[in-house]
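Biologist: I'm new to reading models like this one. Could you walk me through a few features?

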Amino acid sequence: IIGTAHHYPSMTSSIRILTTSSLDSSPSLLLVSPNGSKTLINCGEGCQRSFLESSSTSAAGVGTLRVSSVNRICLTHIGHDALGGLPGMILTTADVAEAAAIEFKQSNAKRSYSSM
């Protein structure tokens with residue numbers, strides 16, 4: 001429509017370098033889209049540790065990252081440097097999901113018992 005002003009939401013994405021190539025880690029990036037979804041690019045050795053180190057440095061204004069906040073993982077190639085940390089990430093995510101399910105069941109059981 002001619003003459004009307006359109007206001008579009010912010011379309012700012014960010015890229016966070018999680019790990020760089022070193023003796024004990026391979027390069028990994030985290031892309032954060034405007035809607036907040038997170039895509040991990042490559043998951044080499046040391047990637048999971050970078051999430052843990054991020055939570056310990058959050059007081060410095062860096063921002064906490066959680067493994068469970070990743071929505072998808074994209075691999076640039078099939079090789080140990082791109083997917084060597086994937087088993088640990090999967091196990092950590094499964095542990096987080098299991099703990100959340102147990103907590104949910106316990107809170108529902110308490111509510112059910114207290115309503116009797």
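Modeller: Happily! A polar contact is a pair of N or O atoms within 3.5 Å; within protein, one must be able to donate a hydrogen and the other to accept it, and residues adjacent in sequence count only if both atoms are side-chain atoms. Here, the N42 side chain comes to 2.9 Å from the backbone nitrogen of T76. This is a predicted model, where local features need pLDDT of at least 70, side-chain atom pairs count only at pLDDT 80 or more, and totals for chains, interfaces and linings use all residues. Residues are numbered from 1 along each chain as its sequence is written, and side-chain values use heavy atoms, leaving out hydrogens and water.

Biologist: Is N42 buried or exposed?

Modeller: Buried means under 20% relative accessible area, exposed over 50%, and partly exposed in between (1.4 Å probe, protein chains only). N42 counts as buried because its relative accessibility is 9%. C74 is partly exposed, at 36%.

Biologist: Which residues is N42 in contact with, leaving aside neighbours within four places in sequence?

Modeller: Contact means heavy atoms within 4.5 Å. The partners of N42 include P27, C47, C74 and T76.

Biologist: How many disulfides are found in the whole structure?

Modeller: A disulfide is a covalent bond between the sulfur atoms of two cysteines. The search counts a pair of cysteine sulfur atoms within 2.5 Å, and it finds 0 disulfides in the whole structure. For C47, the nearest cysteine sulfur belongs to C43, 4.3 Å away.

Biologist: And what does the side chain of S50 lie close to?

Modeller: A polar atom of the S50 side chain lies 2.4 Å from the backbone oxygen of C47. S50 is buried, because its relative accessible area is 8%.
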